[in-house]
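Here's a quick tour of a single protein chain, meant to be read with the model open beside it. Have a look at the fold, then work through the notes below.

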Amino acid sequence: MGFEQVKAAGIYAFGESGTLSFESFPYTGSISTNNAEGKTTDSAAAATAMATGVKVLNGVISMEIPGSGRPMETIMEHYKAMGKWTGFVTSALIVNATVAAFAAHTQRRDDYDNIVSGYLRKSRPNILFGEGDYISMDSAKSAGYSVVVDRAGLMALDKKKETKVAGLFSEEPMPFESKGPVPFPRLSEMTQVALRILGDHPGGFFLLVEGGRIDHACHANDISRAISETIEFSNAVAEAIEWSKWRTDTLIVVTADHETGGLRVLKNNGTGVAPTVSWSSADHTPQNVPVYAWGSNTESISGTHENTHIFTVIQQASGGLVPAALP
């Protein structure tokens, strides 16, 4: 999700840019996403930079590579150790690189067995919602999770009693928003339920929400799907805004791991009509991505930063988290 994806979605939804939920945040900036070699990043390296404050090689999930090769403590793991609840919500695969970098450690982003083991046996987040391939219902239940497999099951959960829930929605890619209502929940609905469960914990929580199918649409240079997925991601952020609007103890950061497609908006065609656009790639690009922030310590988001700065912002807001190697 680059600057132009945000612009296109705002134009389609409201007739002009600057209109999505997170664009109302008081501080905005620009994030450079290159990996440890200074090359165009993949999701694993970019998410690791945000989760640990350290740049790594493409394909690496929160391991110090280049370097010692040791696993590095993530923001999520730090908060878990502090007694906070944790959760992950995605419209893509739960074991994909973006989520995995916050909750697992492996030299290869496709090492799904180790990623699942990291989730269920080590980091053990309270919430795991997304495409459920590679995590079996039996393994999740054995790890102490309540399991739901569709929208009806998710919405029927007793949010006051549940403490560990795995939403294993589909073993195929989750449907694009453009397909309309389906048996599976929307990103905004998953976010709403996650907040209702995690928000009851008096010790606080860490939640990562990923609009993962924005990337898929942009790989295909499909502007219609890119727009609808970005709008739904904005709807998910709106759930977080609504939950936190009367609070003074919450930090919300909205950004992207990288831009995909080299999108450029050429012409505003009005509300409800996709803008005229051009694409320069079917892959990731080195373009900077936007960042938007609301809450504690958000002033430092302004300007242009490396993606490791996302870690720094959360570090300072949480009282001094520092990068650390795990034993």
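Let's start with serine 62, which sits in the loop between H2 and H3. Keep in mind that this is a predicted model. Serine 62 has a positive phi of about 50° even though it isn't a glycine, and with a relative accessible area of 0% it is buried. For context, most residues other than glycine have a negative phi, and most peptide bonds are trans.

**Backbone oddities**

- The loop between H2 and H3 also holds proline 66, and the peptide bond leading into proline 66 from isoleucine 65 is cis, with omega near 5°.
- Serine 170 is another non-glycine residue with a positive phi, this one near 75°.
- You'll find serine 170 in the loop between strand S5 (165-168) and H8.
- Is serine 170 buried or exposed? At 14% relative accessibility it counts as buried, because the cut-off for that label is under 20%.

**Helix H2 and its cover**

- How many of the residues of H2 are buried? The count is 10 of 10, so the helix is mostly covered.
- The buried set runs from Ser43 through a good deal of alanine, including Ala44, Ala45, Ala46 and Ala47, and it also takes in Thr48, Met50 and Thr52.
- What covers these buried residues includes three helices, H3 (75-81), H4 (97-103) and H11 (308-317), along with strand S11 (284-285).
- On the N-terminal side of H2, the loop that follows strand S1 (27-32) and leads to H2 (43-52) contains glutamate 37.
- Glutamate 37 is partly exposed, with a relative accessible area of 49%.
- The C-alpha atom of glutamate 37 is separated by 6.8 Å from that of leucine 57, although the two residues are 20 apart along the chain.

**Threonine 298**

- Threonine 298 belongs to the loop between strand S12 (289-295) and strand S13 (303-306).
- Despite being in a loop, threonine 298 is buried, with a relative accessible area of just 1%.
- Which residues does threonine 298 touch, leaving aside its neighbours within four places in sequence? Its contacts are Tyr27, Leu251 and Ala293.

**Salt bridges**

- A search of the whole structure turns up 9 salt bridges.
- In one of them, the side chains of glutamate 189 and arginine 151 meet at 2.9 Å, N to O.
- That pair links distant parts of the chain, with glutamate 189 in helix H8 (residues 187-198) and arginine 151 in helix H7 (residues 151-155), 38 residues apart.
- The two partners differ in cover: glutamate 189 counts as buried at 15% relative accessibility, whereas arginine 151 is partly exposed at 33%.
- Arginine 186 and glutamate 177 also form a salt bridge through their side chains, at 2.9 Å, N to O, and arginine 186 is partly exposed at 29% relative accessibility.
- Lysine 245 and glutamate 242 make another salt bridge, at 3.0 Å, N to O.
- Here lysine 245 is partly exposed, with a relative accessible area of 40%, and glutamate 242 is partly exposed too, at 47%.

**The chain as a whole**

- How many helices and strands does the protein chain have? There are 11 helices and 13 strands.
- The radius of gyration is 18 Å, close to the 20 Å that the globule rule gives for 327 residues, so the chain is as compact as a globular protein of that length.
- Along its principal axes, the C-alpha trace spans about 50 × 45 × 40 Å.
- Buried residues account for 54% of the 327 residues.
- Take the contacts between residues at least 6 apart in sequence: 69% of them join residues at least 24 apart.
- The chain exposes about 13400 Å², and carbon and sulfur atoms supply 49% of that area.
- On the charge side, there are 26 positive and 35 negative side chains, and the centres of the two sets lie 4 Å apart.

Methods
Residues are numbered from 1 along each chain as its sequence is written. This is a predicted model: local features need pLDDT of at least 70, side-chain atom pairs count only at pLDDT 80 or more; totals for chains, interfaces and linings use all residues. Side-chain values use heavy atoms; hydrogens and water are left out. Helices (H or I, at least four residues) and strands (E, at least two) are DSSP runs, numbered from the N terminus. Buried means under 20% relative accessible area, exposed over 50%, partly exposed in between (1.4 Å probe, protein chains only). Contact means heavy atoms within 4.5 Å. The radius of gyration is taken over C-alpha atoms; the globule rule is 2.2 Å times the number of residues to the power 0.38. Accessible areas come from the Shrake-Rupley method with a 1.4 Å probe; for residues, only the protein chains shown count as cover. Lys and Arg count as positive and Asp and Glu as negative; His and the chain ends are not counted. The place of a charge is taken as NZ of Lys, CZ of Arg, CG of Asp or CD of Glu. A salt bridge is a side-chain nitrogen of Lys or Arg within 4 Å of a carboxyl oxygen of Asp or Glu.
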